Amino acid sequence: MSWIWAALLPHPPVLLPEVGRGREREAISTCNALEQVCLRITQASQKPDCIFFLSPHHPYAVGNLLINNAKAMHGSLAAFGAPGAKLSLQGDTAAHASITEHLLQSRIPVSSSPTLDITLDHGSLVPLLLLNRKLSGLPPVILASPSGLSVEKSFALGQALARFQDDRAWAFIASGDLSHRLNAEAPSGFHPAGKVFDTATLRALGSGNSSHLLQLPSDIRAHAGECGLRSILALLGLCANPMDILSYEAPFGVGYCAAFYDFSQPQSNGSSHAESTGGVTLKEAETTSELASKADASGVPPIDSATLAKPDFSRSFLQERAFAARVAQSAHEVQPPPLVVTDPLHPYPHLARLAITRHLANPSYTITQEDFLACHPKSEFWAQRAACFVSIKTLEGTLRGCIGTIVPIHDNIGLEITHNAILAATKDSRFAPLTASENVLYSVDILGTPERIDSQADLNPAIWGVIVTKGQRRGLLLPALAGVLSVEQQLAIAAQKGDIDSLEGVTLHRFSVSRYTE
């Protein structure tokens, strides 16, 4: 029997009423598409015995497809302010063994690990919670993460799944959002690559032609800020035909696409959707490379106005910013707090303020040992060596500058702080140099020694900072940052900061932080 249907589902928590609290209506096209998916599932002649579910936010293994072999799983969206949004899932040991054996024989690198609590995996929880409610229950679910695979191997995974033969009736769900960079107020900020990526994805799904994504330049993929590429490529490899694109919209600066494929009618999904896909007009004649080459001076390719379904984003973005703050606050209520010391008289942020104030008044001034002692009278307090980051924020909490070191480069912590503080105020390329008239607050993060880890299971974005290294490229992200609620988010942002386009082959280090704020 094997495959009966497949679907691409987005996973923004705002889709759940108890999280969105009315804001789910801003993604009404996506909500309606999920209703259509459920209707198609209930109308299908065959019900699935098992669901194979790919989530980019599930724990991953570098270079492998990591399959969760737990017999039962549970999780909730408490971190998003909805502790009542809970889900319990059943695994299937025999089904897990069957599909794992097939993939290994197909030369797909697979590893297995039991993860009973999937609370951090909203990529699984959101779609499955919605389906569970609308379908009044789910069959056993095999959760897996493609995040450790390369782009090419993700597509090969789908092709291998297409050859899978089993007595059970299987359904396939690819969870993933598209670009997170469709506007300046999007979660990761604006980048023109976001629109290129989303258009290429819609072309690939609407035509069944995976080359639109496989041939996409790596820098476009890296700058698009996507999370669903590998899930989508596996979906394309499995279906090998055009899909019904039920919706596409970007209400919060993030691309949400829902699509469906019925294996019992493989030829019925094609030509009618290559030209018009759920209100998104696309011309199949252009290749992805042509699309990128036709970008205008700002790098934005020519996209039909219907591609971005909501013309007025400003209201949604302002609301999204407030929502993100609420989510972050809720997350800190349920996550273990990092080591944070808040003291307006602590010598570390006091020294940062002193160094910047004196530098802005006289750039040739050199901080002295007497300045250190003025902040704290014991010289041994400054004798230690440690890496640090100095952050500058406005009184409203907006970042104004941040620069630091991963390993200590000065003889003592005093010099480390003053050096990084002045750079944060004057050399952070994201901001204009700080002026003496600005009212700002300072914080200093003292980094512990980085330690290498082999799995993202050893991370917690509320406690540990992370360093992602690939070749000569390296990206770092501090812990306990507003809006960074999952390990997957933390890794994706750190990789993006290091211009790393894939997590395959990366080396991970974590580090502790002692944070001192004014």
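How many helices and strands does the secondary structure of the chain come to? In this predicted model, the tally is 16 helices and 21 strands. The chain has 518 residues, and 56% of them are buried. Its accessible surface amounts to about 21,100 Å², with carbon and sulfur atoms accounting for 53% of that area. Sequence separation gives a further view of the fold: when contacts between residues at least 6 apart in sequence are considered, 78% of them join residues at least 24 apart.

Two helix pairs are worth a visit to begin with. In one pair, helix α6 (residues 193–207) meets helix α9 (residues 229–239), their axes coming within 11 Å and crossing at roughly 20°. Because angles under 35 degrees count as roughly parallel, α6 is described as roughly parallel to α9. The handedness of this crossing is left. On the α6 side, the contact is built from F197, T201, A204 and L205, and on the α9 side from L229, I232, L235 and L236. In terms of chemistry, 7 of the contact residues of α6 and α9 are nonpolar and 1 is polar, with no charged residue taking part.

The other pair brings together helix α2 (residues 28–43) and helix α4 (residues 122–135). Here the axes lie 10 Å apart, and the packing angle is about 55°. With that angle, α2 is oblique to α4, and the crossing of the two is right-handed. From α2, the residues L34, E35, C38, I41 and T42 take part, meeting L130, L131, K134 and L135 of α4. The contact of α2 with α4 comprises 6 nonpolar residues, 1 polar residue and 2 charged residues.

Helix α6 deserves a second look, since D198 also lies in this helix. Is D198 buried or exposed? With a relative accessible area of 1%, D198 is buried, because the cut-off for a buried residue is under 20%. Leaving out residues up to four places away in sequence, D198 touches L178, S179, L182, Y248 and G255. One of these partners, Y248, sits 50 residues from D198 along the sequence, while the C-alpha atoms of the two are 9.4 Å apart in space.

Some of the residues around D198 come up again at V254. This valine is placed in the loop between β9 (244–249) and β10 (256–262). Despite its loop position, V254 counts as buried, at 4% relative accessibility. Its contacts, with neighbours within four places in sequence set aside, are D177, S179, H180, L182, P187 and E249. S179 and L182 thus appear among the partners of D198 and also among those of V254. In sequence, V254 and S179 are 75 residues apart, yet their C-alpha atoms are separated by 5.6 Å.

A further buried position is found in helix α15 (residues 413–426), which contains A425. The relative accessible area of A425 is 4%, so this alanine is buried. Which residues does A425 touch, not counting those up to four places away in sequence? They are I356, I392, P433 and L434. The C-alpha atoms of A425 and V390 lie 9.2 Å apart in space, with the two positions 35 residues apart in sequence numbering.

Backbone geometry offers a last point of interest. Most residues other than glycine have a negative phi. Against that background, R107 has a positive phi, near 65°. R107 belongs to the loop between α3 (93–105) and β6 (110–113), and this arginine counts as exposed, with a relative accessibility of 72%. S136 likewise has a positive phi, in this case near 55°. The loop that holds S136 runs between α4 and β7 (141–145). At 71% relative accessibility, S136 counts as exposed. Both R107 and S136 are therefore exposed, since each has a relative accessible area over 50%.

Notes:
Residues numbered from 1 in each chain as written. Predicted model: local features only at pLDDT ≥ 70, side-chain atom pairs only at ≥ 80, totals over all residues. Heavy atoms only, no water. Helix = DSSP H or I, 4+ residues; strand = E, 2+ residues; numbered from the N terminus. Buried < 20%, exposed > 50% of the residue type's maximum accessible area, 1.4 Å probe, protein only. Contact = heavy atoms within 4.5 Å. Areas by Shrake-Rupley, 256 points an atom, 1.4 Å probe, with all protein chains shown as cover. Axes fitted to C-alpha atoms, helices over the stretch in contact; angles between N-to-C directions. Parallel < 35°, antiparallel > 145°, perpendicular 65-115°, else oblique. Left-handed = near helix turned anticlockwise from the far one by under 90°. Nonpolar A, V, L, I, M, F, W, Y, C, P; charged D, E, K, R; others polar.
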